[in-house]
Amino acid sequence: MRFALVCVDVTHVDVDRLFHYAVPDGVVPLIGQRVWVPFGRGAKPVLGYVTGFSDSLPEDVPPEKVKALLGVCEDFAVLTPENLALAFWMRDKYYTTLAACIRCITPASKADGRFPGTRARKGSTKAALPAKVTLTDEQQVAVEHIAASINSKEKCAPILLHGVTGSGKTEVYLHAIQHVLSKGLQAIVLVPEIALTPQIVSLFTARFGGAVAVTHSRLTAGERFHIWKQALDGDVSLVIGPRSAVFAPFKRLGLIVIDEEHEHTYHSDTTPKYDARAVAIKRSELANAVVVLGSATPSLESYSRAVGDMAPSYTLLKMTRRVNQTFPVVNVLDMRRELSRGNTSLFATTFKDALAETLAAGKQAILFLNRRGHSSFVSCKLCGFVMACDHCRVNYTYHAATGTARLVCHYCGRGGAMPKCCPICESVHIKQFGAGTQKVEEEIERLFPGVATLRMDMDTTRGKHGHAKILESFRKGEAQILIGTQMVAKGLDFPNVVLVCVVSADLSLFTGDFRAGEYTFQLLTQVAGRAGRAAGDVGQVYLQTYNPEHYALELAKQADYEAFYTHEIGLRRAMLYPPFSYVFSVMLSGPDEKIVIAALQKLWAIMEYSKKISESGGKAQNKFELLGMSPAFVSKIKKQFRWKILAKCENEEPLKAFVLYCVKKLRENDPLTGINIHLTLNPVMLD
């Protein structure tokens, strides 16, 4: 009898193994195909994925216990051999279940487990008619190198394209994709934000027409399936989207482009907590494809791999000149001086004057503040009480919508009306403090009445096409000022924008995270790059700050990435932080804080004991550092209390083995009723 090796679609760790099911006569399943199988005591029909076949049973499985497949779900395999191998790799890499990884890779199903019955409409995979574009010398070198890598039959190292803002990285991507498509191969382009998708799509569809498909989280499940099926059937040759697009089921993959590769949005914050960059590189190895990581401000980890600070090596391509040959002039404005001069408004006088000149000239400006809402917190000026969410340990943010005022928690979405008096001392002196994008918009309307503005943040882009509508309106010149959060900070290209202001340039400097300096430098450099991109225009950028001496701001002003890298990598080396070590976060969460803390204390004791035993061998790779037992940065979300331990080691595999062993011991000694365990290797923020 033939047996199918099936991964059941249940993500519990206790059933994370392959089950043998007899293949009945007349049923011919495929590897990677979804099937119905009886599972559990009641033999309830559940979904499963065929991962292989066997002609025999394991010794510990009696034949009478083996059940038969109930049938197949579709007449095709939802997992290509490459993506099935990727799922097994992800399970080991991100210490989760195989079912969770397969769910991540395949599109969501209907409630009955059946995909829509209609086939995807076939589109044209032919490219539309490269307008003739003359490449710069640096662009030409980059395109030729990428093309040679695509042509090579040998596996090539990932390519890091370090190009300053405005140097024409997108045109390099377009030429590289044109080369891939001309060879009958397929390509994936990853972008970090949905906000960037409309602009990128317009460029790529103009060049490649019906060969392009776009996917992102705002689409319905049916729409995402339609795009996934088009890719599986080869009806499209290019898929563009945020991190999940890396799983597009192409069978002739030749190129993966990761634009703005440094962005933290490429890290999934839900299980499996994968890094799309690492997944892309693994896919390239499986498919013998080429990966291009592009950025004006590469992550320190990526750049260190390119310049030799750590293995494996990347190939570094540099583009140091803007296409229009001019860089914006960056001005750092010390808001302490403004305050001493009696200016208590959101904007420095110098910037207000520059904005007035920009508006008078008919040009456009972008104002950036990475905080949405009107005010960041509400407090009583008499007793000091701060309004906070009962379900999360965070302050409410004040939102001023049309005709209403609301307090909103940005973690669980709960909120309420703005109180007229303090709920503690009943004082009427309860006010809003701090500034968000709504307040910036309000202040601009007060200073420049009649000037059209647009605001782009989570509150204004909730619809499926919210981002596209705002960006298109700004492109058409229907507004002169665009105010926004990090959605406006990167990747956007508006030729009429000559002025950029970062309202609070040090907002991300003091988060307590070792990457705070890197995040700040990247963000400021990226947003500054939105100014003066058209030929003949010299952009003006203003960074408003209370910490003008900070190295991240000083080097962002000069747009000197190499100097920043040298400074930051020295700090990382001295402190043994990534890329010179690996950090593993173990977070426990649950509705009872005392139980969560008690469980974490047990884990700490296990880790301390295991650490001593491991280090007694004297091996350097077994030296672990435990970084405290503490509440998470946001210690309560949606009534779940969150506490964590961080473990650090110079080598990944010993660290992973150490943490997983300790967690296993905890599970054996404690039922952990009502407690969730969250494991993350090298979290993007030390939450």
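This report describes a predicted model, taking up its parallel sheet, one strand within that sheet, a pair of helices and a selection of salt bridges.

## The parallel sheet

Seven strands make up an open sheet whose pairing is parallel, and their order across the sheet is β8-β9-β7-β10-β11-β6-β12. The edges are formed by β8, covering 212-214, and by β12, covering 315-319, each of which pairs on one side only. From one strand to the next, the twist averages 15°.

## Strand β11 and its two neighbours

Within this order, β11 stands between β10 and β6. On the β6 side, residues 159-163 of β6 and residues 290-295 of β11 pair in the parallel sense over four bridges. Ile 159 is placed opposite Val 292 of β11, and His 162 is placed opposite Ser 295 of that strand. On the β10 side, where β10 spans residues 253-259, five bridges join the strand to β11, and the two run parallel. Here the bridge partner of Ile 258 is Leu 293 in β11.

How many of the six residues of β11 are buried? Six of the six are buried, so the strand is largely enclosed by the rest of the structure. The burial holds for both directions in which the residues point: Val 290, Val 292 and Gly 294 are directed one way, Val 291, Leu 293 and Ser 295 are directed the other way, and all are buried. Val 292 and Ser 295, named above as standing opposite Ile 159 and His 162 respectively, therefore belong to a strand in which six of six residues are buried.

## The pair of helices α4 and α5

Helix α4, made up of residues 169-182, and helix α5, made up of residues 197-208, have axes that come within 11 Å and cross at roughly 35°. The crossing of these two helices is right-handed.

On the α4 side, the contact is made by Thr 170, Glu 171, Tyr 173, Leu 174, His 175, Ile 177, Gln 178 and Leu 181, while α5 contributes Leu 203, Phe 204, Arg 207 and Phe 208. When the residues of this contact are sorted by character, seven are nonpolar, three are polar and two are charged.

## Salt bridges and their exposure

Side chains of opposite charge can pair when their charged atoms come close. The structure holds 29 salt bridges, among them one between Arg 283 and Glu 82, in which the closest N and O atoms are 2.5 Å apart. Both Arg 283 and Glu 82 are buried.

A second example joins the side chains of Arg 336 and Asp 334, with an N to O distance of 3.0 Å. Is Asp 334 buried or exposed? Asp 334 is buried, because its relative accessible area is 15% and the cut-off for burial is under 20%. Arg 336, by contrast, has a relative accessible area of 36% and is therefore partly exposed.

In a third example, Arg 462 forms a salt bridge with Asp 459, and the closest N and O atoms are 3.2 Å apart. Arg 462 counts as exposed because its relative accessibility is 53%, where the cut-off is over 50%, whereas Asp 459, with a relative accessible area of 24%, is partly exposed. Elsewhere, Glu 261, Asp 275 and Arg 277 are joined into one network by salt bridges that share partners.

Note on methods: Residues are numbered from 1 along each chain as its sequence is written. This is a predicted model: local features need pLDDT of at least 70, side-chain atom pairs count only at pLDDT 80 or more; totals for chains, interfaces and linings use all residues. Side-chain values use heavy atoms; hydrogens and water are left out. A salt bridge is a side-chain nitrogen of Lys or Arg within 4 Å of a carboxyl oxygen of Asp or Glu. Buried means under 20% relative accessible area, exposed over 50%, partly exposed in between (1.4 Å probe, protein chains only). Two strands pair if DSSP finds at least two bridges between them. Axes are lines fitted to C-alpha atoms, for helices over the stretch in contact, and angles run from 0 to 180 degrees between N-to-C directions. A crossing is left-handed if the near helix is turned anticlockwise from the far one by less than a right angle, and right-handed if clockwise. Contact means heavy atoms within 4.5 Å. Ala, Val, Leu, Ile, Met, Phe, Trp, Tyr, Cys and Pro count as nonpolar, Asp, Glu, Lys and Arg as charged, and the others, Gly among them, as polar.
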